[in-house]
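Welcome! Here is a short, friendly tour of one protein chain. Have a look at the sequence and the 3D view, and then read on.

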Amino acid sequence: QVQLVESGGGLVQPGGSLRLSCAASGSIFNINNMAWYRQAPGKQRELVAVIAKSGRTNYLHSVEDRFTISRDNAKNTVYLQMTSLKPEDTALYYCNAHLAPYSDLSVYEYWGQGTQVTVSS
């Protein structure tokens, strides 16, 4: 059984910073892409940033100059460093991973439970 557990959300003032973490645990043979999504009230879930096992990254245009995604493959953990936060960044942030639990390399998609980020003065 695989679990993704996020941490690091909270309330921050506009212009502030937060660092989200997501640790994958359980039966893990290989992790391909890891990503962060977010969903604001009344809006669809959107991809914020994705990082391949190689370290290649891709970002939502509105965050690419402010957010940095990184990963520690030895710890099966992905991070999202968020700076210059804006009220429109307020959302529930979800961790996502495409991983193979077993050596047969069948890949499945997993989601965390979400961590709330609120940007407000």
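The notes below go from the whole chain down to single residues.

Please keep in mind that this is a predicted model. The chain has zero helices and 11 strands, so you will be reading about strands and the loops between them, and the radius of gyration of 14 Å is close to the 14 Å that the globule rule gives for 121 residues, so the chain is as compact as a globular protein of that length.

**The whole chain**

- Read from the N terminus on, the elements run β-β-β-β-β-β-β-β-β-β-β.
- The C-alpha trace spans about 50 × 25 × 25 Å along its principal axes.
- Of the 121 residues in the chain, 40% are buried.
- Among contacts with a separation of 6 or more, 55% are between residues 24 or more positions apart.

**An open sheet of four strands**

- Which strands form the open sheet, and in what order? Four strands take part, in the order S1-S3-S8-S7, and their pairing is antiparallel.
- At the edges you will find strand S1 (2-7) and S7, each of which pairs on one side only.
- On average, neighbouring strands of this sheet are turned by 15° against each other, with direction ignored.
- S1 and S3 run antiparallel and are joined by six bridges; Glu-6, for instance, has Cys-22 in S3 as its bridge partner.
- Strand S3 (residues 18-26) also pairs with S8 in the antiparallel sense, over six bridges.
- Two places to look at in this S3 and S8 pairing are Leu-18, whose bridge partner in S8 is Met-82, and Arg-19, which stands opposite Gln-81 in S8.

**The nonpolar core**

- In soluble globular proteins, nonpolar side chains tend to be buried together.
- In this chain, the largest nonpolar core has 28 residues.
- Which of its members touch the most other members? They are Trp-36, Val-48, Phe-67, Val-78, Leu-80, Met-82 and Tyr-93.
- At least two core residues come from each of S1, S3, strand S4 (30-39), strand S5 (46-51), S7, S8, S9 and strand S11 (115-119).
- S9 gives the most to this core, with five residues.
- Leaving aside neighbours within four places in sequence, Tyr-93 is in contact with several residues, including Glu-6, Leu-20, Trp-36, Val-48, Phe-67, Leu-80, Met-82 and Val-117.

**Ile-69, a buried strand residue**

- Ile-69 is found in strand S7.
- Is Ile-69 buried or exposed? Ile-69 is buried, because its relative accessible area is 4% and the limit for a buried residue is under 20%.
- Ile-69 and Trp-36 are 33 residues apart in sequence, and their C-alpha atoms are 8.3 Å apart in space.
- Not counting neighbours within four places in sequence, the contacts of Ile-69 include Met-34, Ala-35, Trp-36, Val-50, Ile-51, Tyr-59, Val-78 and Leu-80.

**Arg-66, a buried loop residue**

- Where does Arg-66 lie? Arg-66 is in the loop between strand S6 (57-59) and S7.
- Arg-66 has a relative accessibility of 11%, so this residue counts as buried.
- The side chain of Arg-66 reaches the backbone oxygen of Ser-62 at 3.1 Å.
- Not counting residues up to four places away in sequence, Arg-66 touches Gln-81, Met-82, Thr-83, Ser-84, Leu-85, Lys-86 and Asp-89.

**Two loop residues with positive phi**

- Asn-76 has a positive phi of about 50°, although it is not a glycine.
- Asn-76 sits in the loop between strand S7 (67-72) and strand S8 (77-82).
- With a relative accessible area of 24%, Asn-76 is partly exposed.
- Ser-84 is not a glycine either, and its phi is positive, near 45°.
- You will find Ser-84 in the loop between S8 and strand S9 (91-100).
- At 40% relative accessibility, Ser-84 counts as partly exposed.
- Ser-84 also links back to the previous topic, as one of the residues that Arg-66 touches.

Terms used:
Residues are numbered from 1 along each chain as its sequence is written. This is a predicted model: local features need pLDDT of at least 70, side-chain atom pairs count only at pLDDT 80 or more; totals for chains, interfaces and linings use all residues. Side-chain values use heavy atoms; hydrogens and water are left out. Buried means under 20% relative accessible area, exposed over 50%, partly exposed in between (1.4 Å probe, protein chains only). A polar contact is a pair of N or O atoms within 3.5 Å; within protein, one must be able to donate a hydrogen and the other to accept it, and residues adjacent in sequence count only if both atoms are side-chain atoms. Contact means heavy atoms within 4.5 Å. Two strands pair if DSSP finds at least two bridges between them. Axes are lines fitted to C-alpha atoms, for helices over the stretch in contact, and angles run from 0 to 180 degrees between N-to-C directions. A nonpolar core is a set of buried Ala, Val, Leu, Ile, Met, Phe, Trp, Tyr and Cys residues joined through side-chain atoms within 4.5 Å. The radius of gyration is taken over C-alpha atoms; the globule rule is 2.2 Å times the number of residues to the power 0.38.
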